[in-house]
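Grab the structure viewer and a pencil, and let's work through a few exercises together. Try each one yourself before reading its solution.

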Amino acid sequence: MVMTNNKVKIKTEKLDVFYGQKQALKNVNLEIFNREVTALIGPSGCGKSTYIRCINRMNDVIETCKISGSIKIDGQEINNKQIDVVRLRERIGMVFQKPNPFPKSIYDNVAYGPQIHGLADHKDKLDQIVQTSLKKSALWEEVKDRLDEPGTSLSGGQQQRLCIARAISVNPEVILMDEPCSALDPIATAKIEELMEELKKTFTIVIVTHSMAQAVRVSQRTGFFHLGNLIEVDTTDKMFKNPNNKMTQDYITGRFG
Amino acid sequence: MNLAILLLIVLFSTSCFFFGRKKIINITAANKIRMNALPDYYGYYLALWCAIPAVLILAFWTVFEPTIIKAFIINNITSSNLKEFNSDELNLIYQQIKALYLGNFTGTLTEEIRRGAENYKSFLSIAEGSKIVILISIVIVTTLYSYKKLINNNKAREDVEKIFKAVLFTCSLVAILTTIGIIFSLLFESIKFFTTINIFDFLFGTSWSPQRAFVRDATTITPEEYNELKDAFGSVPLFAGTAFIAFIAMIVAVPIGLFSGIYLAEYASKKVRKYSKPIIEILAGIPTVVYGFFAALTVGPFFREFGERFGLEVSSESALAAGLVMGVMIIPYVSSLSDDVINAVPQSLRDGSYAVGATKSETIKKVVIPAALPGIVGSVLLAVSRAIGETMIVVMAAGLAARLTINPLESTTTITTQIVMILIGDQEFDSPKTQSAFALGLTLFFATLILNYIALRFVKKYREKYE
């Protein structure tokens, strides 16, 4: 496979994460490349979600969580007190496991981010952002006539695409996806995967997934986590055809996990 | 006496439990079979069958015995006397007979009272004897019946289940019937009142001074008298006063309660929350009468002195003092309930908001509060109905003068205060003045009922959203 833009977007070095006494990540060194999809796989509780929640500092919400090590985005260290977490999260969007639209209208769900960051100075501009975001998330055709209806009235798959629209509405550089399809049916999953193909042209995407098939379908690189360790990371092609590590081999062939 | 019988029944039924259980254990061991239910169930079965019918009969007996004896006594008096008594006189004689029997009789002893008391005594002993005989036979019959079923290995487990269900049903029935009973007693007295005073004059009249309404025969009211009377019973000032004081209370309670609820739910660390929440809830446990004298003796005079410094005329009993203290009283209701509803907002919504780069206060303002709003409105409405029904503080701190005013520094009065004022002391029970208390109570009941209904609807709507 030819790498067209193999510039490092996110570089993690010696990352350790503790929840209270429990160590969730152990000395993780990982590079994520610009404008491609990186899939993180591994059994439950292996630390892959913890890892992506470090990138946008969502672990700050958890009182007992302690993070040490270095995370650099475009060479800028983000794992320190000086960084403006709010600006950081504007740059790094996130889509969660369970669709979590706000109990507001479809329009307000998407307009929420641009409004709090003041990205639109007038109504037309805001309308335009909402429309572009919904188009990018392939939801526009389905909802354009009912933007006033509550976001929660949509189907599960539509809700998840609405959440993707919400994430891209503030024009981030990176989108983190934490098992975005685990609550969806196969058709909705296929739509989201199709969408990721399109999104990776503009965004760097990190996706946590339990489905090996999904990792193969959507990602260019894959990292395998086990018990808080990053066991192996390589191009998806290599990982699934000829992994270096015996453990990776066992996991992807379904011998454990 | 009844207590002793009850104790005996309970004792007997307890021993039945052990007996029944032992019996089944023996049968199981001797025949090496597995019974339909565990031995305990057979014990319960026997014990319940032994106790429940007897207790029920005892209860009915105790309730109806006096009525029946009274009927016998009165029947005796009327049949042995040529003189005609009306029902009031008969009642009086009956009371005197009872008093004589109990040994605290005062007044002139007549022949019929003396004879009545003898009768009364003999009736009582007959009743007592037959009660004991009936109860013993009931206990024997039901115990034997259940024992027979028990050794035939009946489905004691299912039967105990049925009895248990029946007991639970009865308990809830008591609560429901009590509610219905209260509503009807309010309703009947109110209807009597509304036959004297037109309901519209009551609901829309603007002058309230029931002390002006002298007792008079309701059937012979002339139009002139009625005009005067209806001016005594216009409830608008009371409703206005109630709403006004409740409004002041809500101005205090809603912001403080809501903000402390938000603090507890969103900002307080686990440790702070653990200690501060119970402390705030202690406020709800302070008896309202304590708030009352706090309002009357501390807050009221404080406002008067404070006002005098600015040349303001402040009554020492003012709507402001009462409303303020009532607001403090209500804070824990609002804070505790809104804390609960804010906590019920799923963490995933907050995460969604943080993930697009919102700060904590933006998230609270734009996502958490709107999501919790129905629940918050519900809690505020519950607090309002609590404020409207509150009596003690306003009795002590708001005054008694029923006037239409929106000056918070003047004294005013509320529905509950007036009900208290009307009913304390000796009152003619059938005067319009007394009956007006019931009419006020009924109206108040409907007002809070409607508020509670709306509040519950809001809360319910809120619940459906996340499920």
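What follows is a set of short exercises, each with a worked solution.

This is a predicted model, in which local features need pLDDT of at least 70 and side-chain atom pairs count only at pLDDT 80 or more, while totals for chains, interfaces and linings use all residues. Residues are numbered from 1 along each chain as its sequence is written, and chains are lettered from A and ligands numbered from 1 in the order in which they are written.

**Exercise 1. Work out the order of the strands in the open sheet of chain A, and find its edges.**

Solution. Start with the strands, which are DSSP runs of E with at least two residues, just as helices are runs of H or I with at least four, all numbered from the N terminus. Two strands pair if DSSP finds at least two bridges between them.

- Step 1: reading across, the six strands go E6-E7-E8-E3-E9-E10, with mixed pairing.
- Step 2: E6 (92–95) and E10 (229–235) of chain A are the edge strands, since each pairs on one side only.
- Step 3: from one strand to the next, the twist averages 15°; here axes are lines fitted to C-alpha atoms, for helices over the stretch in contact, and angles run from 0 to 180 degrees between N-to-C directions.
- Step 4: at the E6 end, E6(A) and E7(A) run parallel and are joined by four bridges. One pair to click on is A:Met94 with its partner A:Leu176 in E7(A).
- Step 5: now add helix H6 (residues 156–168) of chain A, which lies across E6 and E7 and runs at about 170° to E6(A).

**Exercise 2. Is strand E9 of chain A mostly covered or open, and how does it pair?**

Solution. Call a residue buried if 20 or more other C-beta atoms lie within 10 Å of its own, exposed if 12 or fewer, and partly exposed in between, with C-beta atoms placed from the backbone.

- Step 1: E9 (residues 221–226) is mostly covered, with six of its six residues buried.
- Step 2: sort them by direction. A:Arg221, A:Gly223 and A:Phe225 point one way, and A:Thr222, A:Phe224 and A:His226 point the other. That fits the usual rule: in a regular strand, side chains alternate between the two faces of the sheet.
- Step 3: E3 (residues 37–41) of chain A pairs with E9(A) in the parallel sense over four bridges, and A:Ala39 has A:Thr222 as its bridge partner.
- Step 4: E10(A) pairs with E9(A) in the antiparallel sense over six bridges, and here A:Phe224 is matched with A:Glu232.
- Step 5: E9(A) and E10(A) form a hairpin with two residues between them, and A:Leu227 in the turn has a positive phi of about 50°.

**Exercise 3. Why does A:Val174 count as buried, and what does it touch?**

Solution. Contact means that the C-beta atoms of two residues, placed from the backbone, lie within 7 Å.

- Step 1: A:Val174 sits in strand E7 (residues 174–178) of chain A.
- Step 2: A:Val174 counts as buried because 21 other C-beta atoms lie within 10 Å.
- Step 3: beyond its neighbours within four places in sequence, the contacts of A:Val174 include A:Lys9, A:Ile10, A:Arg91 and A:Phe203.
- Step 4: another contact is A:Thr204, which is 30 residues away in sequence but 4.6 Å away in space, C-alpha to C-alpha.

**Exercise 4. What is chain B built from, and which residues touch the most other members of the largest nonpolar core?**

Solution.

- Step 1: chain B has 16 helices and zero strands.
- Step 2: its C-alpha trace spans about 80 × 75 × 35 Å along the principal axes.
- Step 3: a nonpolar core is a set of buried Ala, Val, Leu, Ile, Met, Phe, Trp, Tyr and Cys residues joined through C-beta atoms within 7 Å. In the largest, of 141 residues, B:Ala322, B:Val325 and B:Ile393 touch the most other members.
- Step 4: helix H11 (residues 319–344) of chain B gives the most to this core, with 16 residues.
- Step 5: B:Ile393 touches B:Ala322, B:Val325, B:Met326 and B:Met329, among others.

**Exercise 5. How many residues does each chain bring to the contact?**

Solution.

- Step 1: chain A brings 23 residues and chain B brings 16 residues.
- Step 2: on the chain B side, helices H12 (347–355) and H13 (360–389) are the elements that give two or more residues.
- Step 3: H12(B) gives the most, with six residues.
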